[in-house]
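Trainee: Could you walk me through how labels get pinned on a model like this one? I'd like to see each value set against its cut-off.

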Amino acid sequence: IEGMRFDVILANINRNIILEDLDAYVGSMNAEGLLLTSGYYAQDLPVIQEAAIGHGLKFVAHALKDNWCCALFVR
């Protein structure tokens with residue numbers, strides 16, 4: 001939602017969409033806001049992690065289940 005800011009954003013979608021929309025997510029996050037990503041394979045984590053760090057986010061943690069991954073980042 002344009003012009004709104006959020007404390008938490010959940011992106012449960014594939015790697016390509018997360019990477020494509022990462023700038024919008026970061027632009028909508030409050031200071032110290034959280035971005036929780038999920039819905040992608042474990043092998044996609046390094047690419048998402050690198051892109052998120054490149055957008056000024058800090059990697060906090062990740063979890064895996066049956067090769068599916070979720071990761072938490074903070075602004």
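Mentor: Sure, here is a run through some labels and the values behind them. Keep in mind that this is a predicted model.

Trainee: Why is serine 28 called buried?

Mentor: Its relative accessibility is 19%, and buried means under 20%, so serine 28 counts as buried. You'll find serine 28 in the loop between α1 and β2. Leaving out residues up to four places away in sequence, serine 28 touches Met4, Arg5, Phe6 and Ile9.

Trainee: What makes the approach of serine 28 to alanine 24 close enough for a polar contact?

Mentor: A polar atom of the serine 28 side chain lies 3.0 Å from the backbone oxygen of alanine 24. The limit is 3.5 Å, so the distance of 3.0 Å falls within it.

Trainee: How do you know that aspartate 44 and arginine 15 form a salt bridge?

Mentor: Their closest N and O atoms are 3.6 Å apart, and the rule asks for within 4 Å, so the pair qualifies. The count by this rule comes to 1 salt bridge. It links distant parts of the chain, with aspartate 44 in the loop between β2 and α2 and arginine 15 in helix α1, 29 residues apart.

Trainee: Are those two buried or exposed, or something in between?

Mentor: Aspartate 44 has 12% relative accessibility, so it counts as buried. Arginine 15 has 29%; partly exposed runs between the 20% and 50% limits, so arginine 15 is partly exposed.

Trainee: Why is the aromatic pair of tyrosine 41 and tryptophan 68 called stacked?

Mentor: A search of the whole structure finds 2 aromatic pairs. In the one formed by tyrosine 41 and tryptophan 68, the centres are 4.8 Å apart and the planes differ by 25 degrees. Pairing needs centres within 6.5 Å, and stacked needs planes under 30 degrees apart, so both tests are met. Tyrosine 41 sits in strand β2 and tryptophan 68 in strand β4, 27 residues apart. At 39% relative accessibility, tyrosine 41 counts as partly exposed, and so does tryptophan 68 at 42%.

Trainee: What makes β3 and β4 a strand pair?

Mentor: DSSP has to find at least two bridges, and β3 and β4 share 7, in the antiparallel sense, so they pair. One bridge joins alanine 61 to leucine 72 in β4. Their hairpin has 2 residues between the strands, and aspartate 66 takes a positive phi near 50 degrees there.

Technical notes
Residues are numbered from 1 along each chain as its sequence is written. This is a predicted model: local features need pLDDT of at least 70, side-chain atom pairs count only at pLDDT 80 or more; totals for chains, interfaces and linings use all residues. Side-chain values use heavy atoms; hydrogens and water are left out. Helices (H or I, at least four residues) and strands (E, at least two) are DSSP runs, numbered from the N terminus. Buried means under 20% relative accessible area, exposed over 50%, partly exposed in between (1.4 Å probe, protein chains only). A polar contact is a pair of N or O atoms within 3.5 Å; within protein, one must be able to donate a hydrogen and the other to accept it, and residues adjacent in sequence count only if both atoms are side-chain atoms. Contact means heavy atoms within 4.5 Å. Rings of Phe, Tyr and Trp (its six-membered ring) pair if their centres lie within 6.5 Å; planes under 30 degrees apart count as stacked, over 60 as edge-to-face and the rest as tilted. A salt bridge is a side-chain nitrogen of Lys or Arg within 4 Å of a carboxyl oxygen of Asp or Glu.
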